[in-house]
Amino acid sequence: MSKSAIVTGISGQDGAYLAENLLDRGYTVYGTYRRTSSVNFWRIDELGISQHPRLKLVEYDLTDMGSAIRLIEMSQATEVYNLAAQSFVGVSFDQPITTGQITGLGAAYLLEAIRTVNKDIRFYQASTSEMFGKVQAIPQSEDTPFYPRSPYGVAKLYAHWLTVNYRESFGIFGTSGILFNHESPLRGREFVTRKITDTVAKISQGKADILELGNLDAKRDWGYAKDYVEGMRLMLQHSVPDTYVLATNRTETVRHFVELAFAQVGIFLEWSGREENEIGLDPKSGKTRVRINPAFYRPAEVDLLIGDPGKAERELGWKPTVQLEELARLMVTADVRRNATGWSF
Ligand code: NDP
Ligand code: GDR
C-alpha cells in the first residue's frame, strides 16, 4: 500500500512543490486548503498535479480540534507536514492575533490530534529563520538563540517550541525545519523576489513603468523552494526527530536581487540618491525604474540572515542546488512568459 501524507497549505508555494515531490514517490497526498468562496489552486494547476488520482484535496480549518482529529483519522497518514500559515511578515504587524491563531496555534491542534489519535505519526513543522530576527550570531545555526522581530516570528517560535516540547514530553516524532527564505516561480507576489520579477517582466513588456520597494539594504539567504521541500521530506525519513536549518550560506541584499532580475531583461541599473530617496535608473532609456516607497518599510526589520546548513548536510545528505543568479533567471523567465500571455498570479 502507498504511504499517505498530509500537507497543510496545499495552495501555497511549498505545499504545491512538496505534494509534487511526494506524489512522484508514490505517496497518497491529503492536501488541505481553507474554505473560501473561490479557492485558488493555480500552483498545483501549473505543476499539472491538481487532477492527480493520488492527490486528495481536503477542506480543513486550522483552528478546529474536531477537524484536526477527523483529518488524521480519515487519511491514515503516517506523515504530517504543517505548512499552512499566515506567512507574510509585513501583514503580521497589522494582524498579530490572527497570525498567532493560524501560524502559532495551528500547529498545536495538529500535535494534539496526533497525540490523541496516533502517536506514531511523524510531524514536520515549517519553522523559519525569522525566529532569529535580530541575529545573535553569524551565520545562524540550530544553536543560535532566537530573537523574533515580528508577530509572525513570535507565532512561529511558539509552534517551534511546541514541536520540541511534544517530542520531549510525549515522544512524538516532531521535527522542526528552520528554513531560510526560499523562492521560485510559484512564490506569492507579495514577497519581495516575486514582486520584483513580476514587475521586471511587466516593465520589459511595457506593461509597468516602475518598481516600488521598501528596504533595499535587508540581506537574505535565498534558496530554491524545490530544494527545500526535499529537505522537509528527508527530515521525516530520518531515524530520529530533530531540528534542522536549511539555507544556502550566502547572503545578498534586496538591491542585489533587483539588479539580477533587471539584468535578465537587459537593463543594467545605476543607483543614485540615498535611503528613501534612492532610485534605480536605466541608463539606456533614461527612465527611473526603481523607487523607494516608505509604505513598504516594516515597523521592525530583520537586517541580515545567513544560515549554516551544515547539520542538514551531514545528517540528511541535503544540499542546495540552485544559485541566486539561476533562481532570478528562472523566476523572470516564468513571469515574462506569464505576462506575455496576459496571465499573472
Ligand atoms: P505561502 O504563503 O505560499 O502558503 C501558505 C499556505 O497557508 C497557503 O496554502 C495558504 O492558503 C495557507 N493559509 C494561509 N492562511 C490560512 C488560514 N487562515 N487558514 C488556512 N490556511 C491558510 O507560504 P510558503 O509556501 O512560502 O511557506 C510554507 C510554510 O513555510 C509557511 O508556514 C511559511 O510560514 C513557512 N516558511 C516559508 C519560508 C519561505 O521562504 N517560503 C521560509 C521559512 C518558513 P491560501 O492559498 O488560501 O492563502
Ligand atoms: P521575509 O520575505 O519577510 O524575509 O519572509 P519578504 O520577501 O516579504 O521580505 C524580504 C525582505 O525584503 C524587504 N523588502 C520588501 N519586502 C516585501 N515583501 N515587499 C517590498 O516591497 C519590499 N521592499 C523591501 C523586506 O523588508 C525584507 O527585509 C519570508 C516569508 O516567506 C516568511 O514566511 C518566511 O518565514 C521567511 O521568508 C523566511
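In the predicted model examined here, Gln 76 is located in the loop that lies between α3 and β4. Although Gln 76 is not a glycine, its phi angle is positive, at about 55°. A second local feature of the backbone is the cis peptide bond between Ile 138 and Pro 139, for which omega is about -10°; Pro 139 belongs to the loop between β5 and α6 (151-170).

The elements on either side of these loops lead to the central sheet of the chain. Seven strands make up an open sheet with parallel pairing, and their order is β3-β2-β1-β4-β5-β6-β11. Because β3 (55-59) and β11 (243-246) are the edge strands and each has a single partner strand, one side of each is left without a neighbour in the sheet. On average, and with direction ignored, neighbouring strands of this sheet are turned by 20° against each other. Within the sheet, strand β1 (residues 4-8) and strand β4 (residues 79-82) run parallel and are joined by four bridges, and in this pairing Val 7 has Tyr 81 of β4 as its bridge partner.

Helices also pack on this sheet. Helix α5 (residues 96-117) touches β4, β5 and β6 (173-179), and its direction makes about 170° with that of β4. Helix α3 (residues 65-75), which comes before the loop holding Gln 76, lies across β1, β2 (28-33) and β3 and runs at about 150° to β1.

At the level of the whole chain, the domain assignment gives two domains, each built from three separate stretches: domain 1 covers 4-184 + 222-250 + 304-321, while domain 2 covers 192-217 + 253-303 + 328-340. The centres of the two domains, taken over C-alpha atoms, are separated by 30 Å. Where the domains meet, eleven residues of domain 1 are in contact with nine residues of domain 2. On the side of domain 1 that touches domain 2, helix α4 (residues 89-94) gives the most, with three residues, and by class this side has five nonpolar, three polar and three charged residues. In the UniProt record, an unreviewed entry, residues 6-331 are listed as "domain: NAD(P)-binding". Over residues 6-331, the chain is 39% helix and 18% strand, and the C-alpha atoms at the two ends are 28 Å apart.

Two ligands are considered in turn. Ligand 1 is surrounded by 20 residues, of which Gly 9, Ser 11, Gly 12, Ala 85 and Ala 126 are the closest. Two elements, α1 (13-24) and β5 (122-128), give two or more residues to the shell around ligand 1, and the largest share, three residues, comes from α1. By class, the shell around ligand 1 consists of seven nonpolar, eleven polar and two charged residues.

Ligand 2 is surrounded by 21 residues, and the closest are Ser 87, Thr 128, Val 192, Gly 214 and Ala 218. The shell around ligand 2 draws at least three residues from each of domain 1 and domain 2, and at least two of its residues are supplied by each of α4 and α7 (192-204). Helix α4 thus appears in two settings, since α4 gives the most to the side of domain 1 that touches domain 2 and also contributes to the shell around ligand 2. The residues of the shell around ligand 2 fall into eight nonpolar, seven polar and six charged.

How values were computed. Residues are numbered from 1 along each chain as its sequence is written. Chains are lettered from A and ligands numbered from 1 in the order in which they are written. This is a predicted model: local features need pLDDT of at least 70, side-chain atom pairs count only at pLDDT 80 or more; totals for chains, interfaces and linings use all residues. A residue is near a molecule or strand if its C-beta atom, placed from the backbone, lies within 6 Å of it. Ala, Val, Leu, Ile, Met, Phe, Trp, Tyr, Cys and Pro count as nonpolar, Asp, Glu, Lys and Arg as charged, and the others, Gly among them, as polar. Domain bounds come from an automatic or database domain assignment. Two residues are in contact if their C-beta atoms, placed from the backbone, lie within 7 Å. Two strands pair if DSSP finds at least two bridges between them. Axes are lines fitted to C-alpha atoms, for helices over the stretch in contact, and angles run from 0 to 180 degrees between N-to-C directions. UniProt positions are given in the numbering used here, feature names are shortened, and annotations may be inferred rather than shown by experiment.
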